[in-house]
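Open the model in your viewer, show the chains as ribbons, and keep a way of selecting residues by chain and number at hand. The stops below tell you what to select next and what you will find there.

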Amino acid sequence: MRRAELTTAILLAAFSIYLMWKSAELPIGWLPGEGPGGGAFPFWLAAIMLASCVWIVINWFRRSSPPSQSNQPFMDRDAVQRFALVGGGVTAMIALIHVLGVFGALPLFLIYYIRFLGRHSWTTTLAIALSAPVVVFFFFDVALRVIMPKGYLEPLFLPLYDIFL
Amino acid sequence: MEILQHLFDGFLIAFQPLNLGLVVLGVVVGLFIGAMPGLGSVNGVAILVPMTFLVPPTSAIIFLAAIYYGAMYGGAISSIMLGIPGASTAVATTFDGRPLALKGLADKALLAAAVASFFGGTLSVILFTGFAPPLASVALSFGDPEIFALMLLAFATFVGLSGDDIPKTIFSIAIGLVLSTVGFDFITGEPRLLLFNLDGFLNQINFLVLAIGIYGIGEMLWTIEVSRGNSTMSKAVITVNRMLGNVKELLGTWKIAVSSSFLGYFVGILPAAGATPGALMAYGVAKMTSKNADNFGKGEVAGVVAPEAANNAASTGSMLPMLTLGIPGSPTTAILLGAMVIWGITPGPTLFVDEPELVWGLTASLYVANLFALLANVFMIPLFLWVLRMPFTILAPVIFALSVIGGYAATQRLFDVWLMLVFGVVGYLMRKLDYPLAPAVLAIVLGPIAEPKLRQSLMISDGDFSIFVTRPISGTITVIAIILILMPLFKLIRDRMRGGSDRAA
């Protein structure tokens, strides 16, 4: 936990410096007749972020914040494993949306999670995994006219568009 | 009397079939969301905003507010039956609700929670109806400096009152505001903060991307880690005779219900405070003033009444600054405010003039939502107990899927879905290190309003920051904000002095 606290603060400080540098691409000073430049607001806020990070590091040295006193691991093995399985699954789902679209990626993710992580029966798994895309299609594509990405499966939907849209 | 006339018009809107249906649906969905451990009103509202584009704004906000209310009622159900707060706002309800359930008196605790929630909710809506119009008409005269000062005050309450780590709170506020400036400079139209030169950042970051990332994906990751063990559910025996006895006992706690409602309402108005601390404070006060103080924590009905009345009152309280000043009183109302902007409604005091239908329809619907939540709570308890048995390994993937799809629907860019995942994961890791995340969500909603107010104020004054102090109203607000920001410093000095004198003695 102690190491994580310091690492995070340093990473966030680096990000703050990056934001300050990036804000400075627009004028950060006073433009006569126009008011503060477009970069001023984010620049000074990023400076405040940086100052907060320095403060967090000082607290780390003084051991005055709870995470900087804790000897517990930031994440134990079990937590890392869960995080990897679940986070990995969500990441894979979003990546698959580019290829198979929502209606391919969504059931695969639900099957992965409910059947393989949750160890539920195939009946439960398939009932949810197959009904979810149908609900999503009618709610978003048909009712809201928010067209979900279809990836390479787009041609399969053309007949459905003809009927419902 | 004018208020009553408006309220009557509001009821006509609230009783339109569509709106009435949405109140009922919202309350049921909210009860469910509140009852599920790991999901609270803010999660439900964040994930469901993209689905509300189906109906007109007034109906949409009525639906979302009904979810907010339902979730406040629902949080108590799992606090009592599982001993796990269904939402952070129901933490204090576990203190006495759980012991009652373990004694076999779950029905008494559930009824107390439902009735107290109704009482707190209704009393606070009455207060809201009385307070909101005069406050809004005062706020109508506010100029840019005043509005900016109010926002400063909202952020200051996080620093001074939230009790979180101070540099981490300030960091959270600042990063939320910086993220809100990504996209383009609204005055010159030039691209601004094109992070890592990714074209996706040519657009503003929609607040929903951050809100769903944190409250959908991040929250699920968090809950998966925290809720490793299995929970055991208590049994509830419900019969008419027992109910009559319970009602009698409840009538004896009305004083606590009144004081808790007032306390919750006023705490709820503060952006950093809200329902969770409101409920905890009400519990504390009830314990202090009760004759049976020793029985608190062992299964005292008043210990359920106090936090439940307070958390419902607080949720109404947080609507007051949102509707009258355009400053959300809680993360949930921050999301409601952001949603209003998407719908093309300008939040703030002009709302009462420009959108009376929305304001009064919403107000009236709060009365209806409370009544319906009470009925649903009393008559549908067996259904919710059944729902609570739903395994988390089914709920979690459904929430992940809803987050991804809702995140896409909000902006219709896959780039934003990736960004949402990044926010969710980073938010989860930062939360583990005690970084508060609510200030960042509030900041990304308020940022696009705060920056123009600041820049316009400075243009009026030609760069002189004293404009925020010299005008009477903004001056007062700014001074209060500065005192709040410095409050932790005062405390530190006081503690030092005390520590010093102790050592000297």
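## First stop: two helices of chain B

Begin by selecting helix H4 (residues 57-81) of chain B together with helix H17 (residues 356-379) of chain B, whose axes come within 9 Å and cross at roughly 35°. Keep in mind throughout the tour that this is a predicted model. The crossing in which H4(B) passes H17(B) is right-handed. If you now show side chains, the residues of H4(B) that take part in the contact include B:Ile61, B:Ala65 and B:Tyr69, while those on H17(B) include B:Leu362, B:Leu366 and B:Ala369. Sorted by class, the contact of H4(B) with H17(B) has twelve nonpolar, six polar and one charged residues.

## Second stop: another helix pair in chain B

Next select helix H12 (residues 275-289) of chain B and helix H13 (residues 301-317) of chain B, which pack at an angle of about 145° with their axes 8 Å apart. The crossing of H12(B) and H13(B) is right-handed. Colour the contact residues, and you will find among them B:Ala275, B:Gly278, B:Ala282 and B:Tyr283 on H12(B), facing a group on H13(B) that includes B:Gly303, B:Ala306, B:Pro307 and B:Ala310. How many residues of the contact of H12(B) with H13(B) are nonpolar, polar and charged? The contact of H12(B) with H13(B) holds eleven nonpolar residues and four polar ones, with no charged residue.

## Third stop: B:Ser403 and its surroundings

Move on to B:Ser403, which you will find in helix H19 of chain B. Is B:Ser403 buried or exposed? B:Ser403 is buried, because 27 other C-beta atoms lie within 10 Å and 20 or more are enough for a residue to count as buried. Leaving aside residues up to four places away in sequence, B:Ser403 touches B:Ile47, B:Ile212, B:Gly216 and B:Ile217. Add B:Ala46 to the selection as well, since a distance label between the C-alpha atoms of B:Ser403 and B:Ala46 should read 8.8 Å, although the two are 357 residues apart along the chain.

Now follow the chain to B:Gln412, in the loop between H19 and H20 of chain B. B:Gln412 has a positive phi of about 60° although it is not a glycine. Most residues other than glycine have a negative phi. With 12 C-beta neighbours inside 10 Å, B:Gln412 counts as exposed.

## Fourth stop: where chain B meets chain A

Show both chains together and select the residues where they touch: 49 residues of chain B are in contact with 57 residues of chain A. On the side of chain B, the elements that give two or more residues are helix H8 (166-180), helix H9 (207-226), helix H19 (392-411), helix H20 (414-432) and helix H21 (438-461). The largest share of that side, nine residues, comes from H19(B), the helix in which B:Ser403 lies. The residues of the side of chain B that touches chain A divide into 34 nonpolar, five polar and ten charged.

## Last stop: chain A

Hide chain B and look at chain A as a whole, which contains seven helices and two strands, running α-β-β-α-α-α-α-α-α from the N terminus on. The radius of gyration of chain A is 24 Å, well over the 15 Å that the globule rule gives for 165 residues, so chain A is more spread out than a compact globule. Its C-alpha atoms fill a box of roughly 60 × 55 × 20 Å along the principal axes, and buried residues make up 32% of the 165 residues in chain A.

Colour chain A by its domain assignment, which gives domain 1 (2-69) and domain 2 (77-164); the centres of these two domains, taken over C-alpha atoms, are separated by 39 Å.

Within chain A, select A:Arg63 in the loop between helix H2 (40-62) and helix H3 (66-69), where A:Arg63 has a positive phi of about 55° although it is not a glycine. A:Arg63 is exposed, with 11 other C-beta atoms within 10 Å.

Finish at A:Gly151, in the loop between helix H6 (122-144) and helix H7 (154-164) of chain A. With 16 C-beta neighbours inside 10 Å, A:Gly151 counts as partly exposed. Apart from residues up to four places away in sequence, the residues that A:Gly151 touches include A:Ile97, A:Val99 and A:Gly104. From A:Gly151 to A:Gly104 the C-alpha distance is 8.7 Å, across 47 residues in sequence.

Methods:
Residues are numbered from 1 along each chain as its sequence is written. Chains are lettered from A and ligands numbered from 1 in the order in which they are written. This is a predicted model: local features need pLDDT of at least 70, side-chain atom pairs count only at pLDDT 80 or more; totals for chains, interfaces and linings use all residues. Two residues are in contact if their C-beta atoms, placed from the backbone, lie within 7 Å. Helices (H or I, at least four residues) and strands (E, at least two) are DSSP runs, numbered from the N terminus. Ala, Val, Leu, Ile, Met, Phe, Trp, Tyr, Cys and Pro count as nonpolar, Asp, Glu, Lys and Arg as charged, and the others, Gly among them, as polar. The radius of gyration is taken over C-alpha atoms; the globule rule is 2.2 Å times the number of residues to the power 0.38. Axes are lines fitted to C-alpha atoms, for helices over the stretch in contact, and angles run from 0 to 180 degrees between N-to-C directions. A crossing is left-handed if the near helix is turned anticlockwise from the far one by less than a right angle, and right-handed if clockwise. Domain bounds come from an automatic or database domain assignment.
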